[in-house]
Amino acid sequence: MFTRIKNDLKPARSVASLCAFIFPLVLVAASTGSATASTVVKTNAAKVPVDDQSAQSRRAALRQAMEQVLVKMSGTESVLSHPAVRSALQSPARYLSAYQFDYEDGQQYYAGEFSRKVLVELLREASLPVWGQRRPDTLIWLANQENRDKWILREGQPGELTAVIQKASQKYGVPVTLPLMDLTDNSAISVYDVWGQFGSVLNQASERYRPEFIIGARLHHKPEDAAPEFLSTEEKLEKALSDSNLAFAYSDEKSTTSTGGDNEAPHNDNGQQLGQSRALEDTRFTSDTNLAETLQSESGVSESDTPTSETAPEPTIPARSGSGEYALEWTLLEGADSQFGVVRAESAELALTQFMQLYSQYLGERFAVSVDADADTTGEVVSISVANLDGLEKYVHAQRFLNDMSIVKQAMLSEQRGSVATFEVRLVGTVSDFVSALSLDSQLQPVRDTFGRPLEGHNFYWNE
């Protein structure tokens, strides 16, 4: 049983009274499109292993639990170095709502639950990013090799690799799923498909799970200076193209190299070439020489050559990271977009741990919202209509849902007609951030016309 902690936290804003305004709103016959999977993560709770229940152990575990919560709520470990956060960590009991001791597999844990509302205010006042509780689901197809044996890591499989993924998922608040590898999966994909990182096969085999992101990876012992023991004819051709720089220029007859000139392939923030990544989707990973490892060495492009832009670049995962005898070569699929790279470490478990940290930080950069607390602005206000609120209970749930979003400062009912309500939503970020946050949720779906296109404006359908 949780031990409740009394504190001076302000109560949440009570639900506004229903308004009786008459406002005509005509909705085109619509349907909600199929949504990718997402999960609500309890970001304000954490569990820390302890040896006993002494006061000293509780104090140490309380601070560690609050650190984990702040990392989950912000999406980055860098928040722990901010002066305001360091100051708050000096007295973590002020933010604690409840705690208890749990036992799992013979290990004792301190489980702490903190005030999410107060911690969100702490992060906002410090102009630090805040990541909501709705998180995108990720499906990982991981082909592991030991000696000559290869297999796909499956859900519930015992071992260190599964434990690494589960631990990282809990630590960073990132929902991760491994395939079941049942009859359906085995008929849709093979270990060689995952090892080869064939995007089309990975996408098709993942349809039953409906993830937002798909990761295909191979993990094996591979010294950095090791040469492949055997190459097929197809692999030899790909390697020859890569070595001659033709692999990145064959789609443009005017360019025969990957550097210089107007025909140079696009680069990401770290200077890697990405322009032809989709064209090479089903061939680039067939050899043991991962394409990501040759991008910078073959292109001769440095960070200083990266084009500048007035707008902030889209976050990416570093294409190369770490060093060591083990390599985790990965590709990340999101719809038609893809990234790929390699993480190296001195052990297979450490390589996977480092990748999960990089991936979690990437998601945090994508979806967390940062607000300048000193900026002279009160935040944008957007008016949205929500259909299918045919009862007081649904109205209360919808308004509570909006007010619980980390990007929403306040959501109030302004007009209502029948089962359609209009809310005035004051944001702490931009409307674009708000729409992006809603895209992960299945309860509030955009209203679409008969052709499946979203209607103009901000019209949604409550799905409960």
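Two strands count as paired if DSSP finds at least two bridges between them, and helices (H or I, at least four residues) and strands (E, at least two) are DSSP runs numbered from the N terminus. The model is a predicted one, in which local features need pLDDT of at least 70 and side-chain atom pairs count only at pLDDT 80 or more, while totals for chains, interfaces and linings use all residues. Residues are numbered from 1 along each chain as its sequence is written, and side-chain values use heavy atoms, with hydrogens and water left out.

**Exercise 1. Strand 13 and its partners**

Task: Find which residue of strand 13 is the bridge partner of Leu 333, and describe how strand 12 and strand 11 run beside strand 13.

Solution.
Step 1. Begin with strand 12 (residues 326–334), which is joined to strand 13 by 9 bridges, the two strands running antiparallel. The bridge partner of Leu 333 in strand 13 is Ser 338.
Step 2. Look next at the hairpin of strand 12 and strand 13, where 2 residues stand between the strands and Gly 335 takes a positive phi near 65 degrees.
Step 3. Turn to strand 11 (residues 320–322), which runs parallel to strand 13 and is joined to it by 3 bridges; here Gly 322 stands opposite Arg 344 of strand 13.
Step 4. Finally, consider the cover of strand 13: 8 of its 9 residues are buried, where buried means under 20% relative accessible area, exposed means over 50%, and partly exposed lies in between (1.4 Å probe, protein chains only).

**Exercise 2. Salt bridges between distant parts of the chain**

Task: Locate the partners in the salt bridge of Lys 42 and Glu 113 and in that of Asp 102 and Lys 47, and decide whether each residue is buried or partly exposed.

Solution.
Step 1. Recall the rule, by which a salt bridge is a side-chain nitrogen of Lys or Arg within 4 Å of a carboxyl oxygen of Asp or Glu; the count by this rule is 11 salt bridges.
Step 2. In the pair of Lys 42 and Glu 113, the distance from N to O is 3.1 Å. This pair links distant parts of the chain, 71 residues apart, with Lys 42 in the loop between strand 2 (38–40) and strand 3 (45–50) and Glu 113 in strand 5 (residues 107–114).
Step 3. Lys 42 counts as partly exposed because its relative accessibility is 45%, whereas Glu 113, with a relative accessible area of 14%, is buried.
Step 4. In the pair of Asp 102 and Lys 47, the distance from N to O is 4.0 Å. Again distant parts of the chain are linked, since Asp 102 lies in strand 4 (residues 96–104) and Lys 47 in strand 3, 55 residues apart.
Step 5. Asp 102 is buried at 19% relative accessibility, while Lys 47 is partly exposed at 34%. These two residues also belong to a network of salt bridges that links Lys 47, Asp 102 and Glu 104.

**Exercise 3. A salt bridge within one helix**

Task: Work out why Arg 63 and Glu 67 are separated by about one helical turn.

Solution.
Step 1. The side chains of Arg 63 and Glu 67 meet in a salt bridge with an N to O distance of 3.4 Å.
Step 2. Both residues lie in helix 1 (residues 55–74), and because they are 4 residues apart there, about one helical turn separates them.
Step 3. Arg 63 is partly exposed, with a relative accessible area of 30%, and Glu 67 is partly exposed as well, with 23%.

**Exercise 4. Positive phi outside glycine**

Task: Ser 127 and Met 181 each have a positive phi although neither is a glycine; state where each residue lies and whether it is buried or partly exposed.

Solution.
Step 1. Ser 127, whose phi is about 60 degrees, lies in the loop between helix 3 (116–125) and strand 6 (134–136). With a relative accessible area of 29%, Ser 127 is partly exposed.
Step 2. Met 181, whose phi is about 55 degrees, is found in the loop between strand 9 (176–177) and helix 5 (183–188). With a relative accessible area of 14%, Met 181 is buried.
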